[in-house]
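I open a fresh page for this chain. My plan is to go from charges to overall form, then to the cores and a few single residues.

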Amino acid sequence: MKNYFALLLSVAVFAMGCGKEPVEKPMPDEPTPEVKYDKEMVATSLAGSAYRGESSVEGSYGYTIMLSEAGLGQDGEFKEDADYYIFDIYASEGGSGDEVTIPNGEYLFDKESAMAEGSLSATFSALLSTVGDTRRESFSEARIVVEDNSIEAYLTLSDGHKHHVRYDGTLVIPANTPTTSTPLSTLSANYNFDIEGGLFVGAYVGDIMSTGCNTCQVFLWEYLDLESGEERGDTFQIDLQLPRGGTDIRGVYTVGDEEGRFVAGWAEDVGGQYMQQNSWYITADYATFAPLVSGMVIVESQDLVEYTFIVDVVDDYGNSIRGVFRGSGEFMEW
């Protein structure tokens, strides 16, 4: 009898146990897989960074961040054998005065370059490398985090390589301000453009700056009727300094008179008439014009037929003039 009741008790206990949910044992914390980067840099310089002011989108303010180990030369030129990471970000905070602090926050990659608050524009963000032949490599993904006295960038280049950049130091950068007490520019605010299907002419005019370069005066038209000569929209004249005897305009240009530079715009007083010289932005109706006095112009082409001009410059009033011109053209000797 005792054995019988013992058997019943064991069956009941077994049945009760089967009705319970199994107790999961806690799993040990698994470490987050470490990202392997193809290149890591500890940047030491913000040279080339600038606050651009209010964008064309209400409530967003533009900042250019340039991180490098090498910094820039005395005349603002890129140094040889160096990498420059350029980020075009938009924040909800602006600033005033000659210097501004980059606002804290996370800035996420925007392929449409819509200039919204908290975005990092694809159009003007890139790795610019002067190691060997100067080249510009765009990003396919990018995220930067700005905190007090630090910037961290997590990047994927268009070729798939992953880069990580860290900077620790001051976040105070200069603002774009007038470079003269009597600006020639008639722009009253920053200006952005996007031109598709434009036309250009490149005129080789020789060593007009007496620096041993071959100057190519590039004239860009948003719209030009070759038969009637009618012009509409935006036009540019940009004087590019090529090597002596050089004819290939592809490259990266900063302002200056030497090889690899574009010549700043100015006006010559000829009997009370001011003649615009060198590099200018002008609307086809001449209602608006501005000398290009600083910044960067990048010229790209895969087939030497269709060209892309990435223009990121500043006029003498401190306005940013930024955009992309895509079009075809021809070259001639003058």
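I started with charge. The protein chain has 19 positive and 56 negative charges, and their mean positions lie 15 Å apart. I counted Lys and Arg as positive, Asp and Glu as negative, and left out His and the chain ends. Each charge was placed at NZ of Lys, CZ of Arg, CG of Asp or CD of Glu.

Some notes on the source. This is a predicted model, where local features need pLDDT of at least 70 and side-chain atom pairs count only at pLDDT 80 or more, while totals for chains, interfaces and linings use all residues. Residues are numbered from 1 along each chain as its sequence is written, and side-chain values use heavy atoms, without hydrogens or water.

Next I looked at the fold. I found one helix and 23 strands; these are DSSP runs numbered from the N terminus, helices being H or I of at least four residues and strands E of at least two. Why call the chain more spread out than a compact globule? Its radius of gyration is 28 Å, well over the 20 Å that the globule rule gives for 334 residues. That radius is taken over C-alpha atoms, and the rule is 2.2 Å times the number of residues to the power 0.38. The C-alpha trace spans about 130 × 45 × 40 Å along its principal axes.

Then I checked burial. Of the 334 residues, 43% count as buried. Buried means under 20% relative accessible area, exposed over 50%, and partly exposed in between, with a 1.4 Å probe and protein chains only.

I turned to the cores. The largest nonpolar core holds 31 residues, and Leu67 and Phe87 have the most contacts inside it. Such a core joins buried Ala, Val, Leu, Ile, Met, Phe, Trp, Tyr and Cys through side-chain atoms within 4.5 Å. Strands S1, S3 and S4 are among those that each supply at least two of its residues. A second, separate core of 27 residues includes Leu242 and Val299.

I followed Phe87 further. Beyond four places in sequence, its contacts (heavy atoms within 4.5 Å) include Leu67, Leu120, Phe139 and Leu155.

Val42 sits in strand S1. Val42 is exposed, at 57% relative accessibility. Beyond four places in sequence, Val42 touches Glu69 and Arg166.

Last, I noted two backbone oddities. Asp81 is not a glycine, yet its phi is positive, about 55 degrees. Asp81 lies in the loop between S3 and S4. Tyr286, also not a glycine, has a positive phi of about 65 degrees. Tyr286 is in the loop between S20 and S21.
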